[in-house]
Amino acid sequence: MAKNTICIWYDKDAEAAARFYAEVFPDSAVTAVHKAPGDYPSGKAGDVLTVEFTVAGVACIGLNGGPIFKHSEAFSFQIATDDQAETDRYWNAIVGNGGQESACGWCKDRWGISWQITPRALTDAMAAGGDEAKRAFAAMMDMKKIDVAAIEAARRG
């Protein structure tokens, strides 16, 4: 296990979530599945308790802790994409697997985890500052999934 690992609380589907992430994102894998040695408040001995996995190189552990705590947008994975095809692929995988669209490049997976699918064209436009950033930002504010061509057109004015 990595020195610093993000722990994500799931109701009961940590393994399914981790396997989905490993299928969708490069440099992602399920590295270990641990079963509970005894009964616990939201499960029984032998149930999957924790799952060690990586998402785009980030070490995570999923904990099947039951329905007590819910996810919020206060935590999200931000995935940088190189073009519209990559943006579409990740967005469609998350939303198409029972997730939901949000605004400005955000979506949620079916387990309630928030994702920011962020084209580099958008981050580059924001980093440019000035009028370019203002135009790109204004264009983004009307989007759900980010449209790279529209961001680039807005940036050019």
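1. A quick definition before we start: two strands count as paired if DSSP finds at least two bridges between them. Keep in mind that this is a predicted model. With that rule in hand, look at E6 and strand E7 (residues 106–108): they run antiparallel and are joined by two bridges. For a spot to look at, take Gln100, whose bridge partner in E7 is Lys108.

2. Now zoom out to the sheet these strands belong to. It is an open sheet of four strands with mixed pairing, and the order is E5-E8-E7-E6. Strand E5 (76–81) and strand E6 (100–101) are the edge strands, each pairing on one side only. Helix H3 (residues 120–128) packs on this sheet, where it touches E5 and strand E8 (114–119). The direction of H3 makes about 75° with that of E8.

3. Next, the cysteines. How many disulfides are there? The count comes to zero. A disulfide needs the two sulfur atoms within 2.5 Å. For Cys104, the closest cysteine sulfur is in Cys107, 12 Å away, so the two are too far apart for a bond. Cys107 itself counts as buried because its relative accessibility is 1%, and buried here means under 20%.

4. Last stop: Thr50, which you'll find in strand E3 (residues 48–55). Is Thr50 buried or exposed? Its relative accessibility is 15%, so Thr50 counts as buried. As for its company, setting aside neighbours within four places in sequence, Thr50 is in contact with Ala32, Val33 and His34, and also with Ile61, Gly62 and Leu63.

Key
Residues are numbered from 1 along each chain as its sequence is written. This is a predicted model: local features need pLDDT of at least 70, side-chain atom pairs count only at pLDDT 80 or more; totals for chains, interfaces and linings use all residues. Side-chain values use heavy atoms; hydrogens and water are left out. Contact means heavy atoms within 4.5 Å. Axes are lines fitted to C-alpha atoms, for helices over the stretch in contact, and angles run from 0 to 180 degrees between N-to-C directions. Buried means under 20% relative accessible area, exposed over 50%, partly exposed in between (1.4 Å probe, protein chains only).
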